[in-house]
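Subject: Handover of a structure

Dear colleague,

Please find below the structure that I am handing over to you. My findings follow directly after it, grouped by topic.

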Amino acid sequence: MSADAAAAPCCVTYFAPYLAPYFAPTSRWLAATDPRTGGALDLAQLDACAVERDVRTETGKPLRFVDSREAARMAPRLAYERIVGETGCVPTRMQGDGMLHDWLNALAWLAFPRSKARLNAVHAHGLRASGGGTALAGRTHVPHDNARAPVAARRGRARDVATLLDESGAVFVCGNERLRQAFVERDWKTLFVRQRADFSRDVRVVVFGHAAYEKLLAPYKSICAHALVLVPPAPFDDSRTFVDAVDTALADLLRIERIAQLPLHPLPLLGVPGWCAANEDAVWYDDESVFRRRRPRRSQRIGRMAAGAGRTVAAAQAVEEGPDSTGQDAG
């Protein structure tokens with residue numbers, strides 16, 4: 001299949017996204033807060049939901065969603081993440097470009113308050129440590145980074161992982177070692193076809209990233225998440241209790257001293273059984289532009305090259321492939 005075909009809208013769409021299984025963590029608020037009919041976000045409604053959930057930053061600030069133009073006036077020299085962490089105010093575009101993205105960011109805060117607060121703390125810590133965290137004045141949408149600082153001064157592995165998870169993250173919740181291994185090795189036919197019944201029983205995929213949710217409003221085959229593997233922290237009961245347990249366990253993984261070492265794995269979301277009617281046919285998984293096999297580790301490639309040249313390699317440290325920092329689709 002061509003890249004254009006992989007990016008084409010999926011043959012099955014959900015006219016009301018709250019009916020789609022991948023929106024389950026946000027379904028409690030999705031329909032009531034959907035801004036598409038009126039063309040604008042109701043920030044007071046989102047604030048009421050945040051109060052009900054008692055959503056707070058890691059510094060204890062109650063979370064509120066504020067018009068991004070107001071946020072720019074409130075703190076014209078602070079970067080986005082520092083505004084959130086230091087004031088509890090989340091700059092939010094109420095209309096136009098970015099409205100849907102920021103709406104789904106708000107829903108992610110409601111669904112995963114601990115993990116979102118932890119990611120914000122990781123960013124704020126990185127900005128302070130690098131001496132960054134100020135933003136260009138005069139912007140109506142507060143940028144997510146210090147636009148003037150050198151790249152090396154404003155980013156790092158911890159913040160890169162935090163950004164990937166925040167935008168396109170998912171959690172692969174599984175207690176079955178065989179299925180976890182198939183997932184990590186990108187053995188898609190074993191995971192989704194040969195072990196399909198076991199997958200449906202033993203695995204839950206929880207979408208976390210708000211950019212992933214935005215893509216799923218109009219789903220297409222090649223949507224790919226960056227996923228963490230998690231042993232089930234609670235029974236699979238499809239209730240708020242399970243999602244809250246995942247949020248608590250995920251927040252623990254995202255501690256500042258651990259996050260940079262977390263392995264992220266590609267997960268083509270419309271390969272998940274039950275998430276697209278078309279994937280009931282095993283032919284769906286023959287598309288190698290989407291369901292890509294894992295490339296050999298660097299040490300394995302070096303070993304083969306050396307052997308082919310008649311040399312031997314006494315030892316080579318296995319180096320895992322790093323996550324795709326571009327956030328592009330397909331596994």
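**Helix α6 and its two aromatic residues**

His101 has a relative accessibility of 15%, which is under the 20% cut-off, so this residue counts as buried. Please note that the model is a predicted one. His101 belongs to helix α6. Leaving aside residues up to four places away in sequence, His101 is in contact with Arg93, Glu167, His210, Ala211 and Glu214.

Trp103 is also part of helix α6, which covers residues 99-111. With a relative accessible area of 0%, Trp103 is buried. Its contacts, again without residues up to four places away in sequence, are Leu30, Thr33, Asp34, Pro35, Leu41 and Leu217. One of these partners, Thr33, is 70 residues from Trp103 in sequence, yet the C-alpha atoms of the two are 8.2 Å apart in space.

**Overall composition**

The protein comprises 15 helices and 6 strands. Of its 331 residues, 52% are buried. Among contacts with a separation of 6 or more, 75% are between residues 24 or more positions apart.

**Helix α7**

Helix α7 runs over residues 113-129 and contains 17 residues. From first C-alpha to last, α7 reaches 24 Å, close to the 24 Å expected at 1.5 Å a residue. The helix is mostly covered, with 13 of its 17 residues buried. Gly131, just after α7, adopts a positive phi of about 75°.

**Cavities**

How many cavities of 30 Å³ or more does the structure hold? There are 2. The largest cavity encloses about 110 Å³ of space. Its lining consists of 15 residues, and those closest to the centre are Tyr80, Glu81, Asn105, Lys116 and Asp166. Helices α6 and α7, described above, each give two or more residues to this lining, as does α5 (80-87). Sorted by class, the lining has 5 nonpolar, 6 polar and 4 charged residues.

**Positive phi outside glycine**

Two residues deserve a separate entry for their backbone angles. Asp54 has a phi near 55°, a positive value in a residue other than glycine. Asp54 sits in the loop that links α3 (43-53) to β1 (64-67). Is Asp54 buried or partly exposed? Its relative accessible area is 48%, and Asp54 is therefore partly exposed.

Arg186 likewise is not a glycine, and its phi is positive at about 60°. Arg186 is located in the loop between α10 (177-184) and α11 (188-194). The relative accessible area of Arg186 is 12%, so Arg186 is buried.

**Cysteines**

A disulfide is a covalent bond between the sulfur atoms of two cysteines. With a cut-off of 2.5 Å between cysteine sulfur atoms, the count of disulfides in this model is 0. Cys49 counts as buried because its relative accessibility is 11%. Cys89 has a relative accessibility of 13% and so counts as buried too.

Yours sincerely

Conventions:
Residues numbered from 1 in each chain as written. Predicted model: local features only at pLDDT ≥ 70, side-chain atom pairs only at ≥ 80, totals over all residues. Heavy atoms only, no water. Helix = DSSP H or I, 4+ residues; strand = E, 2+ residues; numbered from the N terminus. Expected span 1.5 Å × (residues − 1). Buried < 20%, exposed > 50% of the residue type's maximum accessible area, 1.4 Å probe, protein only. Contact = heavy atoms within 4.5 Å. 1 Å grid on protein atoms, 1.4 Å probe; cavity = no way out; pocket = protein on both sides within 12 Å on 5 of 7 lines; lining within 4 Å. Points joined across faces, edges and corners; volume = space filled by probe spheres on them. Nonpolar A, V, L, I, M, F, W, Y, C, P; charged D, E, K, R; others polar.
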